[in-house]
Amino acid sequence: MPTTVPHRNAKPPVAQASLGAGVVVLDEAGRVLLGLHRSGVWELPGGAVEPGESVEEAAVRELAEETTLVAEPADVTVIGFVLDTAASTELTRVSAATVIRAHQGTPAVAEPDKIERWEWFTPDRLPEALFVPSGQVLRFWRPELPSPDGPFHRYGVTSGNAAGHGRGRVQG
């Protein structure tokens, strides 16, 4: 006798989290690309993952929208996730830490209302005034980098599966 599965409401729950992708873009010399935001902090390219989009697709789209650099989703490596409530106590920001090593073009300011300029930095000479989520993503890329303080949780990714590394409050 066949079993009947009860119908469940498909309406999404009220949002409690915001998913974005922070993109560590590397050049041939191993330098990382950072943009000087109009507020005076340096940040990685990145932004929200749109409905129906993968993290890799969002990283590539945001990279092109902000810097004019072109990459393919296959060029994106997801290395971890950071959950934080630094900006809001009502909404958890989830930032996917991604790395792109292969890209085409020269960085250009595509959103002059937000970014003054893009610059390449060696890992040992990163600016101190970093946007906190960018600092967290950079720490996934290079664990020896100082970590911004704040309530957050870090989850490493290995073989495409979340490994749950570093759960709890982590300080640099």
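Is L130 buried, partly exposed or exposed, and what is its relative accessible area? The legends below take up this residue after an overview of the chain.

**View 1. Overview of the predicted model.** The structure shown is a predicted model. Its protein chain holds two helices and nine strands, arranged along the sequence in the pattern β-β-β-β-α-β-β-β-α-β-β. Of the 172 residues of the chain, 41% count as buried. Among contacts between residues at least 6 apart in sequence, 60% join residues at least 24 apart. The accessible surface of the protein chain comes to about 10,000 Å², and 53% of this surface belongs to carbon and sulfur atoms.

**View 2. Surroundings of L130.** L130 is found in the loop between β7 (115-121) and α2. The residue is partly exposed, because its relative accessible area of 23% lies between the limits of 20% for buried and 50% for exposed. When residues up to four places away in sequence are set aside, L130 touches L34, V41, W42, G135 and L138. The C-alpha atom of L130 is separated by 8.9 Å from that of G40, although the two residues are 90 residues apart along the chain.

**View 3. Helix α2.** Helix α2 spans residues 132-141 and is mostly covered, with nine of its 10 residues buried. The buried residues are P133, S134, G135, Q136, V137, L138, R139, F140 and W141. Two residues of this view, G135 and L138, are also among those touched by L130.

**View 4. The largest pocket.** The largest pocket encloses about 460 Å³ of space. Its lining consists of 23 residues, and those closest to the pocket centre are E43, G46, G47, E66 and F131. Two or more lining residues come from each of β1 (17-25), β4 (46-48), α1 (55-67), β6 (92-100) and α2. Strand β1 gives the most to this lining, with five residues. By class, the lining of the largest pocket comprises nine nonpolar, eight polar and six charged residues.

**View 5. The second largest pocket.** About 180 Å³ of space lies in the second largest pocket. Ten residues line this pocket, and L126, P127, E128, L130 and P146 lie nearest its centre. L130, the loop residue of View 2, thus appears here as one of the residues nearest the centre of the second largest pocket. The lining of this pocket has eight nonpolar residues, one polar residue and one charged residue.

Key:
Residues are numbered from 1 along each chain as its sequence is written. This is a predicted model: local features need pLDDT of at least 70, side-chain atom pairs count only at pLDDT 80 or more; totals for chains, interfaces and linings use all residues. Side-chain values use heavy atoms; hydrogens and water are left out. Buried means under 20% relative accessible area, exposed over 50%, partly exposed in between (1.4 Å probe, protein chains only). Helices (H or I, at least four residues) and strands (E, at least two) are DSSP runs, numbered from the N terminus. Contact means heavy atoms within 4.5 Å. On a 1 Å grid over the protein atoms alone, a cavity is a set of points where a 1.4 Å probe fits but cannot get out, and a pocket is an open set with protein on both sides within 12 Å along at least five of seven lines; lining residues have an atom within 4 Å of a point. Grid points are joined across faces, edges and corners, and a volume is the space filled by probe spheres set on the points. Ala, Val, Leu, Ile, Met, Phe, Trp, Tyr, Cys and Pro count as nonpolar, Asp, Glu, Lys and Arg as charged, and the others, Gly among them, as polar. Accessible areas come from the Shrake-Rupley method with a 1.4 Å probe; for residues, only the protein chains shown count as cover.
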